[in-house]
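Student: Got a minute? I'd like to go through this chain with you.

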Amino acid sequence: MTELRERLTKFSVGDHVTAVGFDTRGQGVTRSGYLLAAVKEVKAQRNGVRNEGWRLYVGPHGTDPAERSTWVTLFPDAGTIERSAEPDTGLWSMTELRKVPGIRATSHITSILYGGKGGARSLEPTQATPVTVTYTNDGLYELRSPDDDTLHLSCRLPTQIWWTALPKTTELQDA
């Protein structure tokens, strides 16, 4: 128990990590991203027994640590955390919106650099706009500029878009 506790003290909010532990349902999970909040000591249930552990909040920049999709619990006998490489902000991807890290089919807000709509005829990004991606509770997601609330796209999870991670220095404010 002491070994994992000491290891956790070497990490700070903002570090890019990969944590292997358990989600809120007790299922094994691996989360990669930034440490969004301070590590918290918790009593969590595993195999029907409450055990001491540590809750980590791991996800993309701009993600609210209160979102359960960022939570991973480490136990002294089961769980690891390692530093990992930060995402390459110059590496554009064209994927379905559902494949963007931090996007979940729940009320959730995350931030990305939006490059335009993707698809078979889209060979490269057409823009590089910081946006917040917000679930609207009716199956739609809105990509909006945080500065002026301009709507760039309203779409569903299967929609293909160009995107890349925001540079670490880019801070988006809630609109």
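Tutor: Let's go from the overall fold down to single residues.

Student: Is this from an experiment or predicted?

Tutor: It is a predicted model.

Student: OK. How many helices and strands does the chain have?

Tutor: The chain has one helix and 12 strands.

Student: In what order do they run?

Tutor: Starting at the N terminus, the order is α-β-β-β-β-β-β-β-β-β-β-β-β. The helix leads and the strands follow.

Student: And how compact is the chain?

Tutor: The radius of gyration is 17 Å, and the globule rule gives 16 Å for 175 residues. Those values are close, so the chain is as compact as a globular protein of that length.

Student: What does the C-alpha trace span?

Tutor: About 55 × 30 × 30 Å along the principal axes.

Student: How much of the chain is buried?

Tutor: Of the 175 residues, 42% count as buried. The accessible surface of the chain is about 9,700 Å². Carbon and sulfur atoms account for 47% of that surface.

Student: What about contacts across the sequence?

Tutor: Take contacts between residues at least 6 apart in sequence. Of these, 57% join residues at least 24 apart.

Student: Switching to charges. How many positive and negative ones are there?

Tutor: There are 20 positive and 21 negative charges. Their mean positions are 7 Å apart.

Student: Now side chains. How many aromatic pairs does the structure hold?

Tutor: It holds three aromatic pairs. One of them is Phe22 with Phe75. The rings sit 5.8 Å centre to centre, with 55 degrees between the planes, and the pair counts as tilted.

Student: Where do Phe22 and Phe75 lie?

Tutor: Phe22 is in strand 1, residues 16-22. Phe75 is in the loop between strand 5 (71-74) and strand 6 (80-83). They are 53 residues apart in sequence, so the pair ties together distant parts of the chain.

Student: Buried or exposed, those two Phe residues?

Tutor: Both Phe22 and Phe75 are buried.

Student: Give me another pair.

Tutor: Tyr135 and Tyr141 also form a tilted pair. Here the centres are 4.9 Å apart and the planes are at 50 degrees.

Student: Are Tyr135 and Tyr141 buried or exposed?

Tutor: Tyr135 has 19% relative accessibility; buried means under 20%, so Tyr135 counts as buried. Tyr141 is buried too, with a relative accessible area of 2%.

Student: Where does Tyr135 sit?

Tutor: Tyr135 is in strand 9, which covers residues 129-135. The C-alpha atoms of Tyr135 and Thr110 are 9.6 Å apart, while the two residues are 25 apart along the chain.

Student: New topic: backbone. Which way does phi usually go?

Tutor: Most residues other than glycine have a negative phi.

Student: So what is phi at Asn47?

Tutor: Asn47 has a positive phi of about 55 degrees, though it is not a glycine. Asn47 lies in the loop between strand 3 (40-46) and strand 4 (49-59). Asn47 is exposed, with a relative accessible area of 75%.

Student: And what is phi at Asp149?

Tutor: Near 65 degrees, again positive in a residue other than glycine. Asp149 sits in the loop between strand 10 (141-144) and strand 11 (151-155). At 37% relative accessibility, Asp149 is partly exposed.

Terms used
Residues numbered from 1 in each chain as written. Predicted model: local features only at pLDDT ≥ 70, side-chain atom pairs only at ≥ 80, totals over all residues. Heavy atoms only, no water. Helix = DSSP H or I, 4+ residues; strand = E, 2+ residues; numbered from the N terminus. Rg over C-alpha atoms; globule rule 2.2 N^0.38 Å. Buried < 20%, exposed > 50% of the residue type's maximum accessible area, 1.4 Å probe, protein only. Contact = heavy atoms within 4.5 Å. Areas by Shrake-Rupley, 256 points an atom, 1.4 Å probe, with all protein chains shown as cover. Lys, Arg positive; Asp, Glu negative; His and termini not counted. Charge placed at Lys NZ, Arg CZ, Asp CG, Glu CD. Phe/Tyr/Trp six-rings, centres within 6.5 Å; stacked < 30°, edge-to-face > 60°.
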